[in-house]
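Here is a short note on the charged side chains and how they pair. Please have the model open while reading the points.

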Amino acid sequence: MNNIPIDFESAEFALQQSWEVHRQAFGPILEPAFAENQQVRILLINALNHISRREVKRGMEILKEIHPHCIYDEDKAAWTFFVGLCFEMGGAREQMLEWYEKAGQIGHRFYLPYLKLAKAAHSSAQFDKAKGYYKTAIDCLLEMSENDKDEIILGSAYTNLTSCLTMLHQYPEAESAWETAQQYPAQPGADATAAILYAAMGNAEKTATYIEKLKEKYPAWVAQTQAMTQQILEGRHPAFPLEK
């Protein structure tokens, strides 16, 4: 039988390519993990290759093999996040959020799980919790290099933070977050957030200005926003009663 030569150079190149793809996606939580154990990193690359192909069961099996090698907090945070990613890829939202929360409790500087936790809390009207997660996500984004920083996501995060702060009646901070959001590309319908903020602040003129902007840029949101802002200005909205 002829011995088939193993092309170690090609295998090494493939590993480096895979690592770079995953680093671009998960850099701030991936790069510090298992820095002293290259064999575990190879296992992790394998796990992430499976997870990215939605081969969740196999990805989770490899993560279980990796777990005993989690020594430092950086290892544990990454491992916990990737377990959450498995659940996300498998469509198990509650488990995803549970594991992303655990990863945050260990401590890491990757914006994405914080942003997902923020949006989940926001949609459940847990505004104070959402505010904290949005702020952490924004801090993580601002720490990234200029090449890696996503200005569209930053604009969206600041806009959503504005909405949470408005619902918490923290108007000066909400207005500051809105003004910062203007430094970044605006998401569709963002002017609705400003219209609601200024209605809550009792500023009918600025509310009308942003309703007009909404008509120009995103007319689909006008009717709903106009109705809500009118209720707020008249003191008929349950979240914004007139102060006595």
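1. Start with Lys-135 and Glu-173, which form a salt bridge with 2.5 Å between their closest N and O atoms. Lys-135 belongs to helix α7 (residues 127–143) and Glu-173 to helix α9 (residues 171–181), so this pair ties together parts that are 38 residues apart in sequence. Keep in mind that the model is predicted.

2. Are these two residues buried or exposed? Lys-135 is partly exposed, at 32% relative accessible area. Glu-173 is also partly exposed, at 30%. Buried would require a value under 20%, and exposed a value over 50%.

3. The structure holds 15 salt bridges. Side chains of opposite charge can pair when their charged atoms come close.

4. A pair within one helix is Glu-98 and Lys-102, whose side chains meet in a salt bridge of 3.5 Å, N to O. Both residues lie in helix α5 (residues 93–106), 4 residues apart, or about one turn of the helix. Glu-98 has a relative accessible area of 40% and is partly exposed. Lys-102, at 33%, is partly exposed as well.

5. Which residue forms a salt bridge with Arg-23? The partner is Glu-20, and the closest N and O atoms are 3.0 Å apart. About one helical turn separates Arg-23 and Glu-20, because they are 3 residues apart in helix α1 (residues 8–30). Glu-20 is partly exposed, with a relative accessible area of 30%.

6. Arg-23 and Glu-20 should also be viewed together with Glu-31: a network of salt bridges links Glu-20, Arg-23 and Glu-31.

Methods:
Residues numbered from 1 in each chain as written. Predicted model: local features only at pLDDT ≥ 70, side-chain atom pairs only at ≥ 80, totals over all residues. Heavy atoms only, no water. Salt bridge = Lys/Arg side-chain N within 4 Å of Asp/Glu carboxyl O. Helix = DSSP H or I, 4+ residues; strand = E, 2+ residues; numbered from the N terminus. Buried < 20%, exposed > 50% of the residue type's maximum accessible area, 1.4 Å probe, protein only.
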